[in-house]
Amino acid sequence: MSNLVLDESSMNREASRGYSWWFSGDAFERQAAQNRRPPRRSLSAKLWSHPGRLTILYFFALIALATVLLELPISAHNRKVTDPVVAFFTAVSAASTCGIQVVNTTTHWSLFGQAVILLAVQFGGLGVMTFASLIALAVNKHIKASQRMLTATELGATKLSETKGVLNAVLVTTLLIEVITFLALFPGLLHVNHGNVRQALWEALFFAVISYNNAGFTPDGAGLHVNSWGVGLPVLLSAFCGTLGFPVLLNLVRAARKHTPPKRWTLHTKITLIGTFCMVAVSLLWFRCVEWNNHILFSHADLQTRLRYALTAAVMPRTSGFDPSWVPDVSDPTKVFMSAVMFIGGGSTSTAGGIRVTTFAVVLLVCRAAFRGKRDVTVFHKRINERTTMTAVSIMTTCLILVFTVSLALMAMSGCSLSNALFDTCSAFGLGGYTVGVADQSDPAALLLLAMTMIIGRIGPMTIAYAINRPSEAQAVHFPEEPIIVG
């Protein structure tokens, strides 16, 4: 009543309709109309309430800024303006943390240009982890409070509105792993660079940021430094951590502090770890069986070197893309196998791409339930709800159609084989960072097509779908009794 309009004139006595005479007759109607009018919200409030659109806006702004900076003469070694298509493709590859290169990073880009690429990779990786987590929180507004708190705990926040908790968790996790990687890389790079401290410091910083973000750009041009154990092992471990996603890393850290047994880890952590280790094991077995006698790939290498190369080939192609020199020399079956691995990608809310390990795992669980004639999809004695399975199947189907369409288009543009077109398409979509040279500077149309594929692979189909829908239409899409993040 305190918000109603007061009118103390005696003329309103008859119009007061039995209420106190100092209320005007139409006060209640005006107040009701005002209550029905939606309150005005600022632009920032609208964006934060709809992180799907904010994600797309953020990445396009980052790509635009990186493109403009890379076109500046100061970004190139020859102090000339870089071709706009090359600058745009490199900016997209960096911001999406893909790492496919059409020009040599060392010989073409100056120190300023390399710094632009490094910052684009860093902000691209931070952006995808942050916004993916915010979307995971936002889409759960309509589910019960217990599940919302499970989701918030999984993503490092104490409640859905606590975006500060998510940002802090992402920043601390990222910077901590990158600092550890930097310290581990410096001695090896100092030895490789023959005591050049300045060069070793820059390369250690570059590799530390690039490896955790799984981008694939290398400060030494060809990426051959990773063939040294002193450099390759820290890069390998950092890239592996980057593919898990920070919710898994946070859960593992908390479990280590509280001595929590693996059976009490979150369902998302269990599925991600099992799926990741299975993919690495299958990839290692594949290269051990199929490419072991590849003299070009393992030329004059002893057993230890072959095992190291096989381990690197089993982990790196999924998301990282370091040392691309050996990729064109593998057989066509291996190219198709690597395409499938890159298509699956890494963990959800991680710097990796693809349809994500959890999505692929849920689809396999759906197939298992269907073949057994069961209506419920279960894992670790927990039921996965129907909306989760529908989301996983729709993501996989949509992405398969996208990869198939882009592969056909690349074949028509460049006249390449299906295996090569499929490889470059899956590398762009899965942010693998490898290429067999289907698209180069002489084919701008193919470069633009792959760039758009990288953008879709980075943003993800679920983010695009969530951005199209209104906030009130966004329902919980991927959380069962415990949160499983798919897509």
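# Exercises on a Predicted Structure

The count of aromatic pairs comes to five. The structure is a predicted model, and the exercises below refer to it.

## Exercise 1. Aromatic pairs

Classify the pair formed by Tyr-58 and Phe-59, and then the pair formed by Trp-202 and Phe-206.

Solution.

Step 1. A pair of aromatic rings is described by two quantities, the distance of the centres and the angle of the planes. Ring centres must lie within 6.5 Å, and planes over 60 degrees apart count as edge-to-face.

Step 2. For Tyr-58 and Phe-59, the distance is 5.5 Å centre to centre and the angle between the planes is 85°, which makes the pair edge-to-face. Tyr-58 is partly exposed, with a relative accessible area of 24%, whereas Phe-59 is buried at 4%.

Step 3. For Trp-202 and Phe-206, the centres are 5.8 Å apart and the planes stand at 65°, so this pair is edge-to-face. Both residues belong to helix α9, four residues apart, which is about one turn of the helix. Both of them are buried.

Step 4. The geometry within a helix can be understood from a general rule: an α-helix has 3.6 residues a turn, so residues three or four places apart point the same way.

## Exercise 2. Salt bridges

Determine how many salt bridges a search of the whole structure finds, and describe the residues of each.

Solution.

Step 1. The search finds two salt bridges. In general, side chains of opposite charge can pair when their charged atoms come close. The cut-off applied here is 4 Å between the nitrogen and the carboxyl oxygen.

Step 2. One salt bridge joins the side chains of Asp-332 and Lys-335, with an N to O distance of 3.9 Å. Both residues lie in helix α14, three residues apart. Asp-332 has a relative accessible area of 45% and is therefore partly exposed; Lys-335, at 8%, counts as buried.

Step 3. Another joins Arg-383 to Asp-376, whose closest N and O atoms are 3.3 Å apart. Arg-383 is partly exposed at 38% relative accessibility, and Asp-376 is partly exposed at 41%.

## Exercise 3. Charges over rings

Over which rings do the charged ends of Lys-270 and Arg-288 sit?

Solution.

Step 1. The charged end of Lys-270 is placed over the ring of Phe-380, 5.1 Å from its centre.

Step 2. The charged end of Arg-288 is placed over the ring of Trp-292, 4.4 Å from its centre.

## Exercise 4. Helix α17 and the loop after it

Decide whether the length of α17 agrees with expectation, and establish why α17 is described as largely enclosed.

Solution.

Step 1. Helix α17 covers residues 418-429, twelve in number, and spans 16 Å from its first C-alpha to its last. This is close to the 16 Å expected at 1.5 Å a residue.

Step 2. Ten of the twelve residues are buried, so the helix is largely enclosed by the rest of the structure. Among the buried residues are Phe-423, Asp-424, Cys-426 and Phe-429.

Step 3. The buried residues of α17 pack against three helices: α14 (332-344), α16 (386-414) and α18 (444-459).

Step 4. In the loop between α17 and α18 lies Leu-431. Its phi is positive, about 60°, although Leu-431 is not a glycine. At 0% relative accessibility, Leu-431 counts as buried.

Step 5. Most residues other than glycine have a negative phi. A further exception to that tendency is Arg-79, with a phi near 55°; Arg-79 is found in the loop between α3 (51-71) and α4 (84-95).

## Exercise 5. The nonpolar core and Ser-93

Which residues have the most contacts inside the largest nonpolar core, and which residues does Ser-93 touch?

Solution.

Step 1. The largest nonpolar core has 95 residues, and those with the most contacts inside it are Phe-89, Ile-210, Phe-217 and Trp-326. Helix α9 (residues 197-212) supplies the largest share of this core, eight residues.

Step 2. A general tendency applies to soluble globular proteins: nonpolar side chains tend to be buried together.

Step 3. Ser-93 is located in helix α4 and is buried, with a relative accessible area of 0%.

Step 4. Leaving aside residues up to four places away in sequence, Ser-93 touches Cys-98, Gly-99, Ile-100, Phe-217 and Met-454. One of these, Phe-217, is also among the core residues with the most contacts.

Notes
Residues are numbered from 1 along each chain as its sequence is written. This is a predicted model: local features need pLDDT of at least 70, side-chain atom pairs count only at pLDDT 80 or more; totals for chains, interfaces and linings use all residues. Side-chain values use heavy atoms; hydrogens and water are left out. Helices (H or I, at least four residues) and strands (E, at least two) are DSSP runs, numbered from the N terminus. The expected span of a helix is 1.5 Å times one less than its number of residues. Buried means under 20% relative accessible area, exposed over 50%, partly exposed in between (1.4 Å probe, protein chains only). Contact means heavy atoms within 4.5 Å. A nonpolar core is a set of buried Ala, Val, Leu, Ile, Met, Phe, Trp, Tyr and Cys residues joined through side-chain atoms within 4.5 Å. Rings of Phe, Tyr and Trp (its six-membered ring) pair if their centres lie within 6.5 Å; planes under 30 degrees apart count as stacked, over 60 as edge-to-face and the rest as tilted. A charge sits over a ring if NZ of Lys or CZ of Arg is within 6 Å of the ring centre and within 35 degrees of the ring normal.
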